[in-house]
Every structure is written in C-alpha cells, then in structure tokens.
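Student: I would like to go through a structure by question and answer. Please show it, and then we can begin.

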Amino acid sequence: MKILLTGCAGFIGYFTARRLLDAGAEVVGIDNINSYYDTDLKYARLSLLGIDGRVSNGQKLASKSMPSFSFIKIDIADKEAVSRLFAEEKFNRVCHLAAQAGVRYSIENPWAYIESNITGFLNILECCRIYGTEHLVFASSSSVYGLNGSMPFKTSDNADHPVSIYAASKKSNELMAHTYSHLYKIPVTGLRFFTVYGPLGRPDMAYFYFTKSVFEGKPVTIYNNGDMMRDFTYIDDIVEGIVRVLDRPPAGSAVWQPERPDPASSSARYKIYNIGNNSPVQLMDFIEAIERAAGRTAEKIFLPMQPGDVKSTFADISDLETDTGYRPGTPLGEGIKRFVEWYRQFYGYPVS
C-alpha cells in the first residue's frame with residue numbers, strides 16, 4: 001500500500017505518518033513547511049521521521065530511520081509539482097491533511113486560504129481523478145458548523161453558516177469533494193476534526209498559548225470571559241480515526257434520498273464524519289488541568305469573544321463509531337499531562 005500524506009510536517013500529519021509506517025504502509029510525505037508558525041517545530045517533527053536538515057523545493061529525501069518513508073518539499077498549490085508527484089509515485093490512497101490552518105489568521109490574510117485550501121485541494125482532486133486514486137481522505141474541521149447552536153454537532157446538521165474564511169474554505173472542500181466523487185466515482189471521505197491537542201502540537205492553538213503563558217509566568221488571556229466549551233481530542237484518538245477511515249472507502253448510500261438529502265452521505269462514494277472526543281470540557285477546567293500538570297498557577301485576563309470564534313463545540317461521533325468501531329480513549333487529564341511533559345522538555349523548563 002503506497003500512501004500520499006500531505007502536510008506530513010504538521011501536527012496531525014506527523015503522528016499519522018508514524019501510525020501508517022508502523023502498520024507497514026509505504027508513505028510519501030509532502031509539505032511546503034510554510035512560516036505560519038515556527039518552522040523549527042516542523043523540522044523537529046520531520047527529524048523524528050528520519051528527515052534531517054533543511055530541504056529544498058522539489059527535493060526528495062529518503063528517511064534515515066524509516067525505510068518506508070520519504071519526504072518531498074512541495075506546495076500543493078503548485079499544480080505542475082503536484083501533477084509530477086502523482087505521475088511518478090502512483091499512489092494507492094491519499095491522506096490529505098495539508099492546509100492553511102488558523103481561524104483568526106484567516107481574518108487577517110484570507111488569500112492564503114484560497115491559495116492553499118481551495119486551489120491546493122483542487123490540484124489534489126484533479127490528480128486523484130486522473131490517476132485513479134482508490135480512496136481520498138481529507139481533513140475538514142468542526143469550524144464548518146459555524147453559527148449552528150444545536151448540540152452535539154451532527155454531520156446531518158446544516159453547516160451553511162460559517163463565521164470565518166477558514167471555516168468557509170473547509171466547507172468548500174467538502175462540496176468540491178462531493179462533486180468529484182459524483183462525477184468521477186472517486187471514493188472520498190472528509191473528517192471534521194474537533195480541537196486536537198497533544199505533544200508536538202501547533203503553537204497557534206489556545207492550549208499551547210495557555211501552557212506557554214503558565215511556564216513564563218505571564219497572564220493568560222481568556223476570551224468570552226471564560227464561557228466557552230470545547231470537545232478537546234487527544235492526537236492519538238484523532239489518528240486512530242484517520243487510520244480506521246483510510247482502510248474503509250465509502251461505497252455510497254443505497255438509502256440516500258434526493259428528496260430529503262443527508263449532508264453527510266450521498267448516492268456517490270462520499271462520506272463525512274466527525275472525529276472528536278464526544279465529551280466537551282469547559283475552557284476554565286481545561287486551563288486548570290494545564291496548571292495542575294505544570295505545577296503553576298497563572299493570572300487570568302478575561303475579554304469578550306473574538307471575531308470568527310464560536311462559543312462551544314461538541315461532536316456526535318455515532319456514525320464513525322457504528323461504521324468503524326472508533327472510540328476515543330484518552331482522558332483529558334492524561335492527555336494534558338503528556339502534552340505538558342513534552343512542552344517542558346522541548347522548551348527546556350525545569351521541573352518545579
């Protein structure tokens with residue numbers, strides 16, 4: 001099994017690569033290693049995959065420690081480079097995790113999201129069409145639910161009211177994927193991730209900022225006066241869901257009704273799942289868990305809600321559980337402890 005893994009230097013991409021390689025797959029990872037956040041962290045992840053040093057565009061490197069892994073620095077928005085990659089490598093399956101991430105940054109720089117998340121995804125879809133990919137699994141986001149206030153979020157819910165360009169780009173990906181599945185019979189599965197956390201995580205995420213502030217003795221800024229809830233999902237549980245889905249191409253629903261269309265499925269070979277912890281946590285409880293793990297208490301500054309943010313997320317994962325047997329298994333306290341221990345070691349903070 002030869003798998004293309006886009007975004008392999010990213011947080012979820014790195015852990016997915018490890019899991020696929022452990023399962024015996026041949027993995028070709030690509031990433032453009034952009035500077036949206038600290039590239040040293042991205043290269044640290046690649047180093048753990050046996051790819052050492054800086055990499056030039058288009059350069060293919062074989063892993064020094066994992067014989068079944070190779071890495072190529074490619075921007076998915078580069079149509080010619082992506083086309084050459086597919087033509088040369090002949091992938092069986094594609095796990096597409098590359099994207100321009102970040103809700104708040106999408107308000108500052110919306111063009112980056114069109115280039116990567118729309119143009120880049122179109123390039124992936126076109127190559128899956130041309131080269132007959134057996135299954136395309138792609139990352140969507142819980143942010144697509146936007147103004148939806150019905151909890152827990154179900155994939156059968158309407159998701160037509162996004163509140164950021166990032167969310168709109170992810171919803172667009174779902175629509176584009178369905179179109180290609182319908183027209184060209186490509187099996188496609190979209191995964192709506194819910195607030196992923198864990199070691200080697202993204203510095204732009206709130207939990208990373210909270211932990212940094214706690215260790216540096218700086219005040220923690222908390223929005224919506226702390227009245228927020230998130231379905232925090234540990235990275236191992238996310239990867240478990242990805243791998244289960246990757247091995248299960250959708251067949252198309254035999255009971256799908258055009259008169260009452262279910263947004264999560266189709267007569268085409270297309271399916272959408274939530275991947276979350278199915279157990280939302282109050283933001284203040286999450287911060288307190290970080291403080292306990294770090295052995296420190298932070299000063300807190302409370303502010304109103306930020307533009308583009310939502311008050312609560314809560315994943316209904318019943319479809320994924322029924323279809324694949326998926327069930328998250330990492331308690332919040334354990335997940336936070338692992339993250340804080342990694343953070344302390346990676347950034348050199350002494351044990352207090």
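Student: Which helix joins β6 and β7 in a right-handed β-α-β unit?

Tutor: This is a predicted model, in which local features need pLDDT of at least 70, side-chain atom pairs count only at pLDDT 80 or more, and totals for chains, interfaces and linings use all residues. Residues are numbered from 1 along each chain as its sequence is written, and side-chain values use heavy atoms, with hydrogens and water left out. Helices (H or I, at least four residues) and strands (E, at least two) are DSSP runs, numbered from the N terminus. Right-handed means that, with the strands pointing away from the viewer, the path from the first strand over the helix to the second runs clockwise; the helix in this unit is α6, residues 165-184.

Student: In β7, which residue is the bridge partner of A139?

Tutor: Two strands pair if DSSP finds at least two bridges between them. β6 and β7 (residues 188-193) pair in the parallel sense over 6 bridges. The partner of A139 in β7 is L191.

Student: How many residues of β6 are buried?

Tutor: Buried means under 20% relative accessible area, exposed over 50%, partly exposed in between (1.4 Å probe, protein chains only). H135, V137, A139 and S141 point one way from β6, while L136, F138 and S140 point the other way, and all are buried. β6 is therefore largely enclosed by the rest of the structure, with a buried count of 7 of the 7.

Student: How many disulfides does the structure hold?

Tutor: A disulfide is a pair of cysteine sulfur atoms within 2.5 Å. The sulfur of C128 is too far for a bond, because the closest cysteine sulfur, in C127, is 7.3 Å away. The number of disulfides is 0.
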